[in-house]
There are 2 protein chains.
Amino acid sequence: MRGINHVRLREVREQRKISLRQLAAQVGMSAALISQVERGVTAPSLETLRKLAQALDEPLFNLLDEPEERRVAVVRRERRLRLLPPDGAVAYARISPGFGRLEVLEGVLQPGDSSSPAPWGHPSEECAVVLEGDLNVLVEGEVHSLSAGDSIYFDSRLPHLYRNDSQHRTVYIVAITPPSY
Amino acid sequence: MRGINHVRLREVREQRKISLRQLAAQVGMSAALISQVERGVTAPSLETLRKLAQALDEPLFNLLDEPEERRVAVVRRERRLRLLPPDGAVAYARISPGFGRLEVLEGVLQPGDSSSPAPWGHPSEECAVVLEGDLNVLVEGEVHSLSAGDSIYFDSRLPHLYRNDSQHRTVYIVAITPPSY
DNA sequence: GTACGCGTAAAGTCACACTTAACGAGGTGA
DNA sequence: TCACCTCGTTAAGTGTGACTTTACGCGTAC
């Protein structure tokens, strides 16, 4: 009976062991509404959904029950997609399969090279870990120096750039969500 | 003027170089509505938003403009949070800072050890890359054997488990979105 | 018993998510 | 200079469905 408007509310609420009325009181709406929403009888407004997400301390998009491809994909090292850099600086290989909400890349930077000619932003979040060598990450004009094992996390919308200012090659892994590279 | 109901529609639509009327025709709604939604004059229904997301080929949650902490966080190798495994098998270290939509972990498995006593699922997607050694990943009962450099991607809701069936230690990195470990 | 709590059902109402239609501003070609 | 596109915006009007209140049935504790 799960309609097109289904949201994963009940699941989350029950996990928190909160009753309908408790939750309703907390967000200032009627318990009946939440019941209706949980059973897909009524579609909640965005505003309502936001309030619920906040009360449950869940990111909003976590309540949205998107149809997913429940697939498993293995990518072998030698089958990785090599991303040709627009201007030949960084060598990126895509570790993730190319679908899903998550993109993982391996970047290799030779001394002096950088991931792009100029800092730029895209609407995602990313986290990079250095596997080998040293890496300078420019975010919003500020330089962060990382060594092997260090990581950096930032909102990708801030203009950014990876650069190898050392004398040896640098290898790092970047995880991006949602994919926008 | 961006209200509480703001959705990142215009941004995405303009990027695709689609006009209001084109998009409206495509999803079968009026251009005026889209204009109103884009400017935050009117809040779209979930249903409407879903249609738009589909037409633009964007995941729904990508259109939702959640208030973000536009922060940059660096985590040094020695400052990583060590996650104590519930039952002492895997040694996880959190590479990501602990906020945001993305969680990145480094897992180390000694021979014979596994990430948890039994396969389990959580509502996310994850991608794992093997850095060192060999790794068996059980997803939905099926075993996938990975060597250094190989990776696997799957819907974390499928019951899964990481296991080291080899004679030497295994190191791997897992990226998870949204965080739910 | 009766008095809580739980989730559900039914019925009513008003906001607001939508429509259609008209508007002003650019651009383009005859 | 027209007329004639197309762009996004505005204004006004309407219907529906997202909400409320109230009442119900069930379990459980005292």
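The exercises below work through a predicted model of two protein chains and two DNA strands, each with a solution in steps.

Residues are numbered from 1 along each chain as its sequence is written, while chains are lettered from A and ligands numbered from 1 in the order in which they are written. Because the model is predicted, local features need pLDDT of at least 70 and side-chain atom pairs count only at pLDDT 80 or more, whereas totals for chains, interfaces and linings use all residues, and side-chain values use heavy atoms, with hydrogens and water left out.

**Exercise 1. The relation of the two chains**

Task: Find which rotation superposes chain B on chain A, and which residue of chain B comes closest to the axis.

Solution. Begin with the superposition, which is done by least squares on the C-alpha atoms of residues with pLDDT of at least 70 in both copies. Chain B falls on chain A after a rotation of 180 degrees with 0.1 Å of shift along the axis, and the RMSD is 0.3 Å. The two copies are therefore related as by a two-fold rotation axis. Contact means heavy atoms within 4.5 Å, and 100% of the contact residues of chain B recur in chain A, so that the same surface serves both copies. Finally, the residue of chain B that comes closest to the axis is B:Phe61, whose C-alpha lies 2.4 Å away.

**Exercise 2. The surroundings of DNA strand C**

Task: Describe which residues and helices surround DNA strand C, and which side chains reach its phosphate oxygens.

Solution. A residue is near a strand if one of its heavy atoms lies within 4 Å of it. By this rule 19 residues surround DNA strand C, and the closest are A:Ser19, A:Arg39, B:Ser30, B:Ala43 and B:Thr48. Next, sort these residues by class, with Ala, Val, Leu, Ile, Met, Phe, Trp, Tyr, Cys and Pro as nonpolar, Asp, Glu, Lys and Arg as charged, and the others, Gly among them, as polar; the result is seven nonpolar, eight polar and four charged. Helices (DSSP runs of H or I, at least four residues) and strands (runs of E, at least two) are numbered from the N terminus. Helix 1 (9-16), helix 2 (20-27) and helix 3 (31-38) of chain A, together with helix 3 (31-38) of chain B, each supply at least two residues of this surface. Of the atoms of DNA strand C within 4 Å of the protein, 63% belong to sugar or phosphate and the rest to bases. Among the side chains, an N or O atom of A:Arg10 is 2.9 Å from a phosphate oxygen, one of A:Arg13 is 3.0 Å from a phosphate oxygen, and a polar atom of B:Thr48 lies 2.4 Å from one.

**Exercise 3. The surroundings of DNA strand D**

Task: Repeat the description for DNA strand D, naming the closest residues and the helices involved.

Solution. Here 19 residues surround the strand, the closest being A:Ser30, A:Ala43, A:Thr48, B:Arg21 and B:Arg39. Helix 3 of chain A and helices 1 (9-16), 2 (20-27) and 3 of chain B each supply at least two residues of the surface near DNA strand D. Turning to the phosphate oxygens of this strand, a polar side-chain atom of A:Ser30 lies 2.5 Å from one, a polar side-chain atom of B:Arg10 lies 2.8 Å from one, and B:Leu20 places a backbone N or O atom 2.9 Å from one.

**Exercise 4. Strand 4 of chain B**

Task: Establish how strand 4 of chain B is covered and with which strands it pairs.

Solution. Buried means under 20% relative accessible area, exposed over 50% and partly exposed in between, with a 1.4 Å probe and protein chains only. Seven of the seven residues of strand 4 (residues 103-109) are buried, so the strand is largely enclosed by the rest of the structure. One side carries B:Glu103, B:Leu105, B:Gly107 and B:Leu109, and the other B:Val104, B:Glu106 and B:Val108. Two strands pair if DSSP finds at least two bridges between them. Strand 4 pairs in the antiparallel sense with strand 3 (residues 91-94) of chain B over four bridges, where B:Ala93 has B:Glu106 as its bridge partner. Strand 4 also pairs in the antiparallel sense with strand 10 of chain B, over seven bridges, where B:Leu109 is partnered by B:Thr170.

**Exercise 5. A loop residue of chain B**

Task: Decide whether B:Asn164 is buried or exposed, and find the polar contacts of its side chain.

Solution. B:Asn164 is found in the loop between strand 9 (160-163) and strand 10 (170-177) of chain B, and counts as buried because its relative accessibility is 0%. A polar contact is a pair of N or O atoms within 3.5 Å; within protein, one must be able to donate a hydrogen and the other to accept it, and residues adjacent in sequence count only if both atoms are side-chain atoms. The side chain of B:Asn164 makes such contacts with the side chain of B:Thr170 at 3.1 Å and with that of B:Ser166 at 2.7 Å, and one of its polar atoms lies 2.9 Å from the backbone oxygen of B:His168. That backbone oxygen of B:His168 also lies 3.1 Å from a polar side-chain atom of B:Ser166.
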